[in-house]
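The following exercises concern the empty spaces in a protein structure. Each task is followed by a solution in steps.

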Amino acid sequence: MNDTAIETVGLGKRYSRKRSSWALRDCSFRLPTGRICALVGPNGAGKSTLLALAAGLLRPTEGTVSVLGRTPGEARELIGYVAQDKPLIPQLSIADTLRMGQELNPGRWDMAAAERIVAEGKLDPSERVRSLSGGQRTRVALALALGKRPELMLLDEPMADLDPLARHQLMGTLMAEAAENGTTVVMSSHVLTELEGSCDYLLLVDGGRVRLGGETEDIVAAHTLLTGPVADLAPHTVIEQRTAGRGLTALVRRDGPIEGPWETAEPSLEELLLAHLRSPDAPDLLTPSAEHRTDTAVRA
Amino acid sequence: MIEYRIDRRSGVSTYLQIVQQTKQALRLGLLEPGDKLPTAREVVEATAINPNTVLKAYRELEREGLAEGRRGLGTFITKGLGHSPPADSALRAELADWAARARGAGLDKDDAAALCASVLDDCFKNSKGDEDR
């Protein structure tokens, strides 16, 4: 039984040798199976690169990535990947697109599940992909990915062009799939609130590296929001602090219990992420389950 | 069958909302011992929340002895919650008395509610009931 969905060790990707900038650099983490993971970070942080590397569509410049204990190439039939631009063949009808999914995934394909997702969007199966709206194409792309009954779903900005109703419906469908089959799901977004209720695992990617990784609850619980008089915050790690006159507001990563004259509160996930994004020098945090276990992610 | 409503802006954690709504349904008699709770799949399909959250809520209900998971069948209510006193009870009458006096003393509704909440907080501080954390 493999309990690791994705593991990377020292993973890096540079798109051009001339450009010195790395899209992703020195990225090591582990995602356990059965999690619904939010992959968040600002534009250009490396989210799409990370997903494409895990899907086996890009080759790492350095380091390794494994998916369900295999190379991404070997795991291909277990992965459902929906790229940001939702690539589909425009000339095909929806029904043909699903039939193509069936042909390409012999033995795994679940036509009923795929058709149900299309039907929920009140789409006519004979309509051509070319004539669909952005949101409708997303629905078909998700049907194609889910029909494959993958063990790992990699979704790059899946909800970006959906209306609120479709978003809720498709997220529900996705969660139901995960509940029934234990599917691991990774969803990227730069809109956190879109994912907050559905995800129980978090990867914050920023500037090409993973800055926070682990169970959302544990990551939030490791931090405290302090307000009160200005005083020494040691031994706690200060992520961000602001002073106004004699008053202080600080977000700290706790080291032991908080003892001092402050009022304490648990930060919201959004406060926590924003504080980290505003403070690029704050140390990274991976919970124990998100630490990589092996020295190379895949044995070649 | 109960249907859960998840309010993401309530500040109450999602699993606790499920626990509280289940208890509320038990108090109101909308759920009774022997009733089946919706499956995790049914809940998440309707609410788009995380499946593990539903399972966590059901485990909490089991821990409190209110529900029981039966392998392959689902989660069932095992105990009712019926000690909410009827509308004409002595407790209610005393509270009505108190409310009238509070009003007479110049408190408005929000003042009285805040006072009640604070007393309840003190009074139930050490009993682990609805309000975990």
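**Exercise 1.** Determine how the lining of the largest pocket divides by residue class, and locate this pocket in the predicted model.

*Solution.*
Step 1. The lining comprises 9 nonpolar, 12 polar and 15 charged residues.
Step 2. In total, 36 residues line the pocket; those nearest its centre are Glu217(A), Glu266(A), Val12(B), Ser13(B) and Thr14(B).
Step 3. Elements of both chains supply at least two lining residues each: helix 6 (216-221) and helix 7 (269-278) of chain A, and helix 1 (14-27) and helix 3 (51-63) of chain B.
Step 4. The space in this pocket amounts to about 1,600 Å³.

**Exercise 2.** Establish how many cavities of 30 Å³ or more the whole structure holds, and describe the lining of the largest cavity.

*Solution.*
Step 1. The search returns 3 such cavities.
Step 2. The largest cavity encloses about 70 Å³.
Step 3. Its lining includes Arg116(A), Glu120(A), Arg149(A), Arg41(B) and Glu45(B).
Step 4. Helix 3 of chain A makes the largest contribution, with 4 residues.
Step 5. By class, the lining has 4 nonpolar, 1 polar and 6 charged residues.

**Exercise 3.** Characterise the second largest cavity by volume and by the classes of its lining residues.

*Solution.*
Step 1. The volume is about 50 Å³.
Step 2. Among the lining residues are Ile6(A), Phe29(A), Leu50(A), Val186(A) and Leu203(A).
Step 3. Strand 2 (24-32) and helix 1 (47-54) of chain A each give two or more residues, and helix 1 of chain A has the largest share, 3 residues.
Step 4. The lining consists of 9 nonpolar residues, with no polar and no charged ones.

Definitions and conventions
Residues numbered from 1 in each chain as written. Chains lettered and ligands numbered in written order. Predicted model: local features only at pLDDT ≥ 70, side-chain atom pairs only at ≥ 80, totals over all residues. Heavy atoms only, no water. 1 Å grid on protein atoms, 1.4 Å probe; cavity = no way out; pocket = protein on both sides within 12 Å on 5 of 7 lines; lining within 4 Å. Points joined across faces, edges and corners; volume = space filled by probe spheres on them. Nonpolar A, V, L, I, M, F, W, Y, C, P; charged D, E, K, R; others polar.
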